[in-house]
Amino acid sequence: MAQLPILTAQGLSLHFGGDPLFGGQTGLDLTVGPRERLCLVGRNGAGKSTFMKVLAGTVLPDTGSVSIAPGNVVTYLPQEPDFTHFGSVSDALLDALPADARDAYRIEPMAEELSLDLSAEPKTLSGGGRRRIALARAFLTEPDLVLLDEPTNHLDIPAIAWVEERLSKFKGAFILISHDRRLLEEVTRQTLWIDRGKLHRSPEGYAAFETFQAFVLNEEAREIEREKQYIKAEQRYMERGVTARRTRNEGRVRKLAKLRARSSARIRPTGQVKLDITNAEASGKKAIEAKGLAKAYGDHVIVKDFSSRILSGDKVAFIGPNGVGKTTLIRMLLGDTPPDTGTVTHGARLETVYVDQNRRDLAENKTVQDILADGSDTVDVRGERRHITSYLKDFLFDPGHMRSPVSSLSGGERNRLLLAKAFAKSANMLVLDEPTNDLDLDTLELLEDVLADMDATLLLVSHDRDFIDQVATSTIAPLGNGDWQEYAGGYSDFLSQKDDRIRWTSSAQSTSKAKPAITVKAQQKTRSKKLSYKDQRRLDELPALIEATRDEISQLEAALADPDLFNSNAEKFQTSSKALETKLAQVYAMEEEWLILEEQREALSS
C-alpha cells in the first residue's frame, strides 16, 4: 500500500516587484513522501531559499498552497538563523520542543553531540556556533521532514561529518540546499532543480545531476527547434494562401502569433560567471619560506616549530577545526602577524589579494558601485578600464544592481562581489578564506577551474572537501598541541596519508563546557587491486558503444535539419525527434558510466 505524502504543494508561485521568481502562470507542484532524500539546487537568485521558506510556511506564496499530512512534524533550518533574543543556548533549544516536553534531559544529548555549551549566550557565538544551535533545534523533535537551507555554512570539517552521518541515518525525509557537493552526493537520492522559475525533478541524487541537467536543457532545445519548424511550416502554409480560406484560417493566424510571442519571450538559460585572474609579475621561484614558526596566546599554543617552503604557483589548502589557528598561521606566513619565534621570508615583488570570509570589505550602507569603483562608472580591471556594468555582468549581476546597497544582496551575491573586487586586481598571491560560502554550484565549479589553471600562488582556507580536492596541490593540517604538517594533494590525499590516531574535535575555541563529541574520521572503503571482470569488460565495451550512438545521433540531427521534413512528413519528424532524445540520454548515461569506471580503474592502479 502506497504511503501518503508528508508534504503536498500545489500551484505555488511568487512574484517580486511584478516579476515572477518562480511558478509563473501554472505554479509549481511538489510532493514529499516518507524517507525521501531530496536536494534542491539552482543558481543564486533562482529562488531556492525563498521556495524553501514557502514550504516551511514562513513566506506566503502569491498563489497555491502547502499542506502537511496530519500527525507529521516538519522542521526548518534557515540559511541565516538568529538566536540573539534567547538568553542562553539552553533556552534556544528548549524553545524548539513542544511546551509539555521542555525538560533539560531532552536537550543534553544533542548539545553534547554538537559540542554546545548550554549556558552560553547565543549572541556571543560564532557563525558556526549559531549553525550548530540551528541543527540541534532541527533534529530535536525527531521530525518526519526537515528542511535544511545551507546547514554546513560556517561549519568545520568535523561538524560537516556529523551532518553527513546524521542525514545518512535519519529515519525521516529531508530537502537539502547546500554548496557542499560531497555532502549532496553522499546523502541525496533525488534532485529538485529550480531553473528560470520552473521546478524539475530527477529520480536520482546529486551525483547524477549533470547528466539530468544536460538532458533537460537538450529537451528544451529540441522543443524550441520543433517550435521554430512549426512556425516555418505554418508561415509557408499561409504564404501559399487562398483568399477564400482567409476567414477560416484566422484561428491559425492567432495561434501562430501566440507561438511567436511565446518563442520571443522564452527565458533563455542564464549565463555563467566570467572569472579570470591575470597574475602580476611573478614573485620568483619562491613565494614564501617559513622556518621554525611558533605562536602562543598564554598557555594556548597555536603553532609550534612550523617550517614550510611555498613555491610560486603552489595551491596550498589549510584545513582543520574552527578555532585551531588556520587564519593565524596564514597571517604569520603573510607577515601580518609576527611569530613569537621563527622567520618568514617572501619572494621578490610579492603582491597579495586577500578575500576575507567575514566580508569586512563590504560595508552594509555602500552600494555595489562604491565597493567596486568608489562611485565611478568605470573600474580598473588589472590595468584596463572597463565600464562597471560590463564588469558586473561577468559576475552575473544585473545592471540594476549597480546602485543597490550591500545590505540588499544575498549571501551568494556578496561573495560574487568580493570575488569581482579581488579579481580586478593584479596579484601573484591570492588568499581565499572560505570562498565557497553561499556560491551556487555552477559558479563554484567555474571558480575551481580558474584557480586550478592560474599561475598565481594560492593560500586557501576551506571546509569544502571536494573543492580542496579539485584545487589544492598540498594541504596543511593540525596534528594537535600546535603541531602542523603538510601533505601532498587535497583532502582525500590527507585522509589516506594521515596518522589514524589524529582526531579533531569541533571548535577548538572552546568556550564550550560540553564534551567535544564531533570527530573527523576517514571514511575510506577497502578497495580491490583491480576492477571486477564484469566492470572491466563493460569499460572495454563502452567506447565503441558511445561512438556508434554518436553516429546515430548525427544521422538523426541531419534528418531533422531538413526544413521541409515537418511539412512533408510530420509523423517522421515526431518519431525522429523522440529517437534523438532517447539516443542523447543514452550517450550521456554511457559517458558518465565510462568516466566513473575509468576513475575507479585509475584509483585502483595508483
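Student: In what order do the six strands of the open sheet stand?
Tutor: In this predicted model, the sheet is open and its pairing is mixed. Strands of a sheet can pair in either the parallel or the antiparallel sense, through backbone hydrogen bonds. Read across the sheet, the order of the six strands is S6-S7-S8-S4-S9-S10.

Student: Which strands stand at the edges, each with a single partner strand?
Tutor: A strand at an edge has a single partner, so one side of that strand is left without a neighbour in the sheet. From one strand to the next, the twist of this sheet averages 15 degrees. The strands at the edges are S6 (74-77) and S10 (198-202).

Student: In what sense do strands S4 and S9 pair, parallel or antiparallel?
Tutor: Strand S4 covers residues 37-41 and strand S9 covers residues 190-195, and four bridges link the two. Within this pair, Val41 stands opposite Trp193 in S9. The sense of the pairing between S4 and S9 is parallel.

Student: Which helix packs on the sheet, touching S4?
Tutor: Besides S4, this helix touches strand S7 (145-149) and strand S8 (173-177). Its direction makes about 130 degrees with that of S4. The helix, made of residues 157-169, is H5.

Student: Does Ile194 count as buried or exposed, and at what relative accessibility?
Tutor: Ile194 has its place in strand S9, and among the residues that Ile194 touches are Leu40, Val41, Arg43, Phe51 and Leu199. Arg43 is 151 residues away along the chain, yet the C-alpha atoms of Ile194 and Arg43 are separated by 7.9 Å. Because buried means under 20% relative accessible area, Ile194 counts as buried, at 1%.

Student: Which residue in the turn of the hairpin formed by S16 and S17 has a positive phi?
Tutor: Strands S16 (residues 378-381) and S17 (residues 384-387) run antiparallel and are joined by four bridges, with Val381 opposite Glu384 in S17. Two residues lie between the strands of this hairpin, and the one with a positive phi, of about 50 degrees, is Arg382.

Student: How far does helix H13 reach from its first C-alpha to its last?
Tutor: Helix H13 has 13 residues, 441-453, and the span expected at 1.5 Å a residue is 18 Å. Its buried residues include Leu444, Leu447, Glu448 and Leu451. The reach of H13 is close to the expected value, at 19 Å.

Student: What percentage of the residues of the chain count as buried?
Tutor: The chain contains 18 helices and 21 strands, and its exposed area is about 29,600 Å², of which carbon and sulfur atoms supply 48%. Of the 606 residues of the chain, the part that counts as buried is 48%.

Conventions
Residues numbered from 1 in each chain as written. Predicted model: local features only at pLDDT ≥ 70, side-chain atom pairs only at ≥ 80, totals over all residues. Heavy atoms only, no water. Expected span 1.5 Å × (residues − 1). Buried < 20%, exposed > 50% of the residue type's maximum accessible area, 1.4 Å probe, protein only. Pairing = 2+ DSSP bridges. Axes fitted to C-alpha atoms, helices over the stretch in contact; angles between N-to-C directions. Contact = heavy atoms within 4.5 Å. Areas by Shrake-Rupley, 256 points an atom, 1.4 Å probe, with all protein chains shown as cover. Lists of a residue's contacts leave out its neighbours within four places in sequence.
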